[in-house]
Amino acid sequence: MPNRLIHSTSPYLRQHAHQPVDWYPWGEAALQKAQEEDKPLLVSIGYAACHWCHVMARESFDDAEIGALMNAHFVCVKIDREERPDVDQVYVAALQAMGLPVGWPLHAFLLPDQMPFYGGLYFPPATWRKLLVAVAEGFRQHRPQLSTLAAQLTQALQEAPDGHMHGTIPDVSERPTAQQLFEQIYPQLDLVHGGTRGTPKFPMPSVGGFLLHYYQLTHDESALAQLNRTLEHMACGGIYDQLAGGFARYATDAAWQIPHFEKMLCDNGLLLGLYAQAHAVSPQPLYERIIRETIAFLEHALLHANGGFFSALDADSEGVEGKFYTWTQAEVMAALGPAAPDAMTYFHVTSTGNWRAGVNILHTSPGQSLMPVDQAKIDSARQVLRRVRAQRQPPNRNEQIITSWNAMAIHGLVEAYQAVGEAHWLHLAQQNAYFIEQHLLREHQLRHSCSMGQLSALGYLEDYAWVARAFISLYQATFQERWLHTAQALTQYAIDYCYDSKTGLFYTVPMQNAHLIARLHDLWDGALPSANAVMAHNLSTLGLLLDKPTYVHMAQQMLQCIAVRLYAQPLHMTHWATLWLRQQHSIPVVAVVGTEAVVYARALKQHFPTKILLAGTETRSNLPLLIHKEPLAGQTTIYVCSHGQCLAPVTSVAEAMRQIAEVQG
């Protein structure tokens, strides 16, 4: 008989619906049962594409004996971190406070009142059995000590959930310059393979975005070289699907060759935007190929018929990690025949295997495109291998549509359109935005996700921040003001319901669904930029485009609030650092009016992807920035404005480019 998870909207929870564990979803029923029976809560957090989540499920949660042990001593709660990032964030912070490593699957043991006292990640079956017995015994025999520990941990989370209030903010005269921030970040980067040092190795698009902005503003060639090094090595590595496009979540080695095979919408949306901006600054055929293939992957593998994108592809197929993506030498030879030797050399396929015994992950070598190689033969081999691979059992798809991740895809698609000019990509972005409007947005209130036609919890800060960012991007590509007005409405909703006036930052959870033991802020820029950093960018941009000084001031306050952390650890605050650069180097607002406004604006965006904000219209507008700006003599006209002042209007892109260069210095 299925357990309670069978009725969940989460595909991940439904994966556990037929296990012998008496799973509850997170909610009042589980919390009430723990209180009534005075049992500890065992919270297990994962997500649908997680390899080690599947391993522990097979080894432990499918086991009847282990299931009976869990049921006897605990109220067992299964959580999808993609559907409930608010719960995940609290218990991630709790494990960090305990000095324990963080990852998934994540397990937390809680008192009946939700306060945590122990936790961990993946446990082999024998270890898991021993731990269950030990925790149950500790709960019975040492309850006062556990209660004291849990109370101390919870108080620490509630009083200083993010550490943003510690330290002294330097005076203006002591604040670091852009160069000083760069000089702190640069030594922590991998100057051989790109990215950051150490493993596992995540792409970290916010680091690449900082390097790109820093280069655009300072012309420091070392920043551009490191960005290009990173993008080329990732594109050539096993982290990138060499046959069908799309990036895996991360690599387990320093050279990007061995991926953790799950493919997530969020990563691909952000990397698409980064490759597009890099291609505009430093055009390369490789970047355009990656852009095209990544969008093709999104369309083929993740696109819903109504225009939204599903969230992920699993790391496993047929119960084996990476089986869909890997090859033996014999499989390549059977597929390609006489063409196999060249392809095996190009993709580093060997009889012994470049990953596990006899198993190969396809990857190429950076700079290989410059070597003597018959590219037509390689492209033909790619097509054949892709057709052969399509006959295999594919990884499961997580058919959950996550609002914030879809917004990341919109932003990436718009950047790709701006850089390359494929109108279809803009259409995909607009189609996705319409999906969000029609299915996930009601009266400026977002839902976080939907699955099987059912909506999940109310949206979180990340949803409001990213959808506003996406709609700002759409406005700057189309000049349809409806997107800008909706972005403002979503931003204002976040201010009304998420803003923490004590710190000047935003809570990750709106007050309507804040019912956990701690209400936290999201400040770190990791594999994904923090929602607070995205909000700060949005406020700064909207403040300039809509002439709202209060928004600009809020963004400045947010930078002030995280200043200590930014100065101390800029590598982990790179999206914030990018905003710092923009604040220090006045980003001009370029207003374009007239019948060719969209065409002119895209031409400017191609040359200055990170250095300008665009506003414009083909007709009259009531936007404060545009209300007194008219085309000159019936020609499309460009106004370059900075610090509230506009230079003389011009009627050609070339003249505007000269003015922008003058303003930027």
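Two residues are in contact when heavy atoms of theirs lie within 4.5 Å. This meaning of contact is used throughout the description of the predicted model.

Confidence in the model comes first. The mean pLDDT of the protein chain is 93. A value of 70 or more is reached by 96% of its residues. Residues 163–173 are a weak stretch in this respect, with pLDDT below 50. Beyond near neighbours in sequence, the stretch 163–173 still has 18 contacts in the model.

Ser282 sits in a loop. Helix 11 (265–281) comes before this loop, and helix 12 (285–302) comes after. The relative accessibility of Ser282 is 12%. Buried means under 20%, so Ser282 counts as buried. Its neighbours within four places in sequence can be set aside. Ser282 is then in contact with Leu224, Asn228 and Tyr287.

Pro20 also belongs to a loop, the one between helix 1 (11–14) and strand 1 (24–25). Pro20 has a relative accessible area of 34% and is partly exposed. With neighbours within four places in sequence left out, the contacts of Pro20 are Phe61, Asp62, Asp63, Ala64 and Asn71. Phe202 is 182 residues from Pro20 along the chain. The C-alpha atoms of Pro20 and Phe202 are separated by 35 Å.

Backbone geometry was examined next. Most residues other than glycine have a negative phi, and most peptide bonds are trans. Several sites in the model depart from this pattern. The bond that joins Trp104 and Pro105 is a cis peptide bond, with omega about 5 degrees. Pro105 lies in the loop that runs between helix 5 (85–97) and strand 4 (106–110). A cis peptide bond also leads from Thr199 to Pro200, where omega is near -5 degrees. The loop that holds Pro200 links helix 8 (178–185) and helix 9 (205–218).

Positive phi values appear at two aspartates. Asp38 is not a glycine, yet its phi is positive, at about 50 degrees. Helix 2 (28–37) and strand 2 (41–46) flank the loop of Asp38. A relative accessible area of 37% makes Asp38 partly exposed. Asp547 has a positive phi too, near 55 degrees. Is Asp547 buried or exposed? Its relative accessible area is 53%, and exposed means over 50%. Asp547 is therefore exposed.

Asp547 leads on to a helix pair, for its loop lies between helix 20 and helix 21. Helix 20 covers residues 531–545, and helix 21 covers residues 549–561. The two helices pack at an angle of about 150 degrees, and their axes are 7 Å apart. Angles over 145 degrees count as roughly antiparallel, so helix 20 is roughly antiparallel to helix 21. The crossing of these helices is left-handed.

Which residues of helix 20 and helix 21 meet? Helix 20 brings Asn532, Met535, Ala536, Leu539, Ser540, Leu542, Gly543 and Leu544 to the contact. Helix 21 supplies Tyr551, Val552, Met554, Ala555 and Met558. By type, the residues of this contact divide into ten nonpolar and three polar, with no charged residue.

Definitions and conventions. Residues are numbered from 1 along each chain as its sequence is written. This is a predicted model: local features need pLDDT of at least 70, side-chain atom pairs count only at pLDDT 80 or more; totals for chains, interfaces and linings use all residues. Side-chain values use heavy atoms; hydrogens and water are left out. Axes are lines fitted to C-alpha atoms, for helices over the stretch in contact, and angles run from 0 to 180 degrees between N-to-C directions. Helices (H or I, at least four residues) and strands (E, at least two) are DSSP runs, numbered from the N terminus. Angles under 35 degrees count as roughly parallel, over 145 as roughly antiparallel, 65 to 115 as roughly perpendicular and the rest as oblique. A crossing is left-handed if the near helix is turned anticlockwise from the far one by less than a right angle, and right-handed if clockwise. Ala, Val, Leu, Ile, Met, Phe, Trp, Tyr, Cys and Pro count as nonpolar, Asp, Glu, Lys and Arg as charged, and the others, Gly among them, as polar. pLDDT is the predictor's confidence in each residue, from 0 to 100. Buried means under 20% relative accessible area, exposed over 50%, partly exposed in between (1.4 Å probe, protein chains only).
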